[in-house]
Amino acid sequence: MLERGEVANSWRHERWDSLRLLTPNWQSRLPGMGYEGPEPDAYMTSADVVALIGRFADQAGTPVRTATSVTSVRPTEEGYRITTDEGELRSPTVVLASGACNLPTVPAFAAGVPAELEQLTPFDYRNPDQLPQGGVLVVGASATGVQLAAELEESGRPVVLSVGEHVRLPRTYRGRDVLWWMDASGLWDERYDEVDDLERARRLPSPQLVGTPERRTLDLNALTGMGVELVGRFAAVRDGRALFSGGLRNVVALADLKLERLLGRFDEWAETDGRDGEVEAPERFAPTATGRAPRLELDLRSGEIRSILWATGYRPDYSWLDVPVVDPKGRLRHDGGIVDGPGLYALGLPVLRRRRSTFISGIEDDARDVTDHLGAYVTRRP
Ligand SMILES: Cc1cc2nc3c(=O)[nH]c(=O)nc-3n(C[C@H](O)[C@H](O)[C@H](O)COP(=O)(O)OP(=O)(O)OC[C@H]3O[C@@H](n4cnc5c(N)ncnc54)[C@H](O)[C@@H]3O)c2cc1C
């Protein structure tokens, strides 16, 4: 195993201070290692995740060469030549487990933002003290955006949140963590080859969830209740003005509708599976309120906004992969982790083999499936 940093590098160096997993402890499993602590329904901090992965690495005993960056992987007659800053290796097979979130995604028009504004991504952000006093424009309302918008608003900075497509979820439903419903109803086990629109499922933004001791719901209604102002999708910068889409109402209506459908699916499952006695009565949530006339423009030179936090997603970095298996959009071409190159495999990508693959616990089944294929490939080779 080659790792450019340390074991659990992304959890040590690429997360903000207050981050907790949005998945409950009982769900943060690694192969053969379930949660055995006293708080199965609580949410781990980044430090807890570092400790968990560290324990797993010790237990597995796989030799990890840390501080070793892979700078190139090239096909050869016998397999692959792997160049690192610590020398070269050859291998008939390579598993790409370099992560789905190596770089922040920022739209190109960010270059047009007036220079006096501070711009950050979640990779630079640690806590509110880093930002100047004054207004913050948070762009993106998925897990990262809603969590950081709440934290910045609580720090006393007025927050404007630009909202694009998002997945609304309550933290708990009928008395249970909403992710319990996903898990128990089998939704997370849906296989990649059974998903209706796989491309879309793989691009789906992370749900509006936060892991807090009080199991707080952090949807857009909760944020506006705190004082956050909602605007539509950030579409362009023109003459120092931020221009927002006028489609905010449609975007939130769609997220509300999808939530309704999901809850209906949970209710149906609870009834047919005889679980109604285990959970509380069905609930429904108020539609998302957007205010009467969300702003369509914001003058970035007026001083109202002092900084912009781009919570517009993450992407993998395959700049070191010299095998033609990455599409023009930078996505790896693979079929359930079996990459379009002999002996080349991938793990740790969204909906890789099932919906659960997007999360830490997805590795349990995915690693087994992918290594089974890899084992058969190695055996078959001349
Ligand atoms: C902000 C954020 C919050 C998340 N919250 C949750 C959550 O609440 N619950 C949950 O289950 N999942 C969560 N996830 C998803 C979770 O991070 C992934 O499912 C999991 O980290 C995937 O693990 P991985 O080892 O495949 O990738 P990573 O954790 O990204 O690890 C990849 C490793 O590869 C190394 N690497 C990359 N390129 C090279 C190279 N060229 N040479 C050598 N080494 C290299 C990196 O240093 C890194 O250590 C979150 C992700 C993010 C970004």
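Colleague: What makes a residue one of those that surround the ligand, and how many are there?

Modeller: A residue is near a molecule if one of its heavy atoms lies within 4 Å of it, and 24 residues surround the ligand, the closest being Glu3, Ser10, Leu22, Thr23 and Ile360. This is a predicted model, in which local features need pLDDT of at least 70 and side-chain atom pairs count only at pLDDT 80 or more, while totals for chains, interfaces and linings use all residues. Residues are numbered from 1 along each chain as its sequence is written, and side-chain values use heavy atoms, leaving out hydrogens and water.

Colleague: Why is the approach of Ser10 to the ligand called a polar contact?

Modeller: A polar contact is a pair of N or O atoms within 3.5 Å, and an N or O atom in the side chain of Ser10 is 2.7 Å from an oxygen atom of the ligand. A polar backbone atom of Thr358 is 3.3 Å from a ligand oxygen, and for the side chain of Asn9 the value is 3.5 Å.

Colleague: How do you know that the span of α3 suits a helix?

Modeller: Helices are DSSP runs of H or I with at least four residues, and strands are runs of E with at least two, numbered from the N terminus. The expected span is 1.5 Å times one less than the number of residues, so the twelve residues of α3 (143-154) should span 16 Å, and the end C-alpha atoms, 17 Å apart, agree with this. Just after α3, Gly156 takes a positive phi of about 95°.

Colleague: Why is α3 described as mostly covered?

Modeller: Buried means under 20% relative accessible area with a 1.4 Å probe, protein chains only, and eleven of the twelve residues of α3 are buried, among them Gly145, Leu148 and Glu153. What covers these buried residues, with contact meaning heavy atoms within 4.5 Å, includes β7, β8, α6, β15 and β16.

Colleague: How do you know that β12 pairs with β13?

Modeller: Two strands pair if DSSP finds at least two bridges between them; β12 and β13 have four, in the antiparallel sense, with Phe234 bridged to Phe244. Over three bridges, β13 and β14 also pair in the antiparallel sense, with Leu298 as the partner of Ala242.

Colleague: What makes the sheet β12-β13-β14 open?

Modeller: β12 (234-238) and β14 (297-299) stand at the edges with a single partner strand each, so one side of each has no neighbour in the sheet.

Terms used: Buried < 20%, exposed > 50% of the residue type's maximum accessible area, 1.4 Å probe, protein only. Polar contact = N/O pair within 3.5 Å; in protein donor to acceptor, adjacent residues only side chain to side chain.
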